[in-house]
Structure formats: structure tokens, C-alpha cells
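Me: I am new to this structure. Please take me closely through a single part of it and what surrounds that part.

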Amino acid sequence: MVRTDTPVGEFGATAPEFSLPGIDGNLWSRDDCMGARGLLVMFICNHCPYVQAINKKLVRDTTELIRLGIGCVAIMPNDTQAYPQDSLPYMQKVAQQQGYPFPYLMDERQDVARQFGAVCTPDFFGYNAALQLQYRGRLDSAGKSADENAPRELYLAMKGIAEHGKGPLDQVPSMGCSIKWRLNE
């Protein structure tokens, strides 16, 4: 596991379009996932200890954001041949166990992760209703800790985006396991 921090986002950039298969057998596009007040795109996986530590908080925060009109979607970008614990059957199992309230999609070719500029899991991209990037930060300050009392940075940023269309000026990069890129590319 290589810890990676996200770079500063290109704020105002438009969310890339995508069409990816979900764990439910359906194809999901960016516009299918969009909410009336914005979109949160999360790059996560099953085996990363950073993601495992935040799963409960991720479900809590996305459930509340969906109620505020923020569409939420998670995309799994890792090479599943090298990391079979991130394969579709395991994605389905984790989503069911955790109670994910959002679509969980497979980026098998890793093209969507590259288009977004994702570098790690978890990696968060928060967009306003005009699909302009407003947040590229972390969930909270807890890192690999499951501390549920850490200030809810992602939630508060996305709540502000839902209310005002703008993200916070101060954002702390997310950190997590580097995306597991296929070696033959």
C-alpha cells in the first residue's frame, strides 16, 4: 500500500462524462448520477484500509447529502486482476454489507479515473449544479481512523455547494492508497 495525497483541484472544471457498469447490472452515466444541486464523485475500492475506515461515515454523509439534492456515486478504479478483492462480486458484497445508498461503478479500463485525475482511494470530487468542480478535499481529518467525531469536512463542503453553489476556500487534500493501475499501460 502506497499512501498518496490528492493534488489541488482545477476548480471550475466541468465534470467529465462517463458511462460505467454498476454492481446492479445497469449502465450509469454522469447525468444519471447527478442531483438537482450537485454531484459527488468518489473513487473508492474494497481493500484499501483508508476506505474501510470511513465506510460507516461515508454512508452517513452521502445519505444526508442525497437528501440535500447532491447526487452521489462511487467508482472503483483498481486493476482487479492484480487485486481480486476489488472485483465485481466483492464490490457487490461490500456495498450490501455497508448499505451504500449510491451507485457503485466499475471503471475496468481505468479511463474515467484518468479523465478525473483521480490518484488514490478515497478521492473525492464535488461539483455544483452547473457541474463545476468546487471540492477536492478529504472526508475528514481522521485518516485511517474510524473516529466518528472528526469534523465532517466533505459533508459541510457539499452542503455549502448545495446551498450556495460554491465550495470552501480552504480544503485539505484527501489521502489514501494509490490507485492500482494496470502495468501494461
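Reply: What follows is a close look at one strand, β4, and its surroundings.

This is a predicted model: local features need pLDDT of at least 70, side-chain atom pairs count only at pLDDT 80 or more, and totals for chains, interfaces and linings use all residues. Residues are numbered from 1 along each chain as its sequence is written, and side-chain values use heavy atoms, with hydrogens and water left out.

Start with the strand itself. β4 spans residues 38–43, and six of its six residues are buried. Buried means under 20% relative accessible area, with a 1.4 Å probe and protein chains only. Strands here are DSSP runs of E with at least two residues; helices are runs of H or I with at least four; both are numbered from the N terminus. On one side of β4 sit G38, L40 and M42. On the other sit L39, V41 and F43. Both faces are covered.

Now the sheet. β4 pairs with strand β8 (residues 123–128) in the antiparallel sense, over six bridges. Two strands pair if DSSP finds at least two bridges between them. G38 has N128 as its bridge partner in β8. L39 stands opposite Y127 in β8. The open sheet has three strands, in the order β4-β8-β9, with antiparallel pairing. β4 and β9 (133–135) stand at the edges with a single partner strand each, so one side of each has no neighbour in the sheet. Neighbouring strands are turned by 35° against each other on average, direction ignored. Helix α2 (residues 49–67) packs on this sheet and touches β4 and β8. The direction of α2 makes about 165° with that of β4. Such angles run from 0 to 180 degrees between N-to-C directions; the axes are lines fitted to C-alpha atoms, for helices over the stretch in contact.

Next, the core. The largest nonpolar core has 32 residues, and L40 and M42 have the most contacts inside it. A nonpolar core is a set of buried Ala, Val, Leu, Ile, Met, Phe, Trp, Tyr and Cys residues joined through side-chain atoms within 4.5 Å. β4, α2, β5, α3, β6 and α5 (153–164) each supply at least two residues of this core. M42 touches, among others, L58, T62, C72, V73 and F124, not counting residues up to four places away in sequence. Contact means heavy atoms within 4.5 Å.

One of those suppliers is β5. Seven of the seven residues of β5 (residues 70–76) are buried, so this strand is largely enclosed by the rest of the structure.

Notes. Buried < 20%, exposed > 50% of the residue type's maximum accessible area, 1.4 Å probe, protein only.
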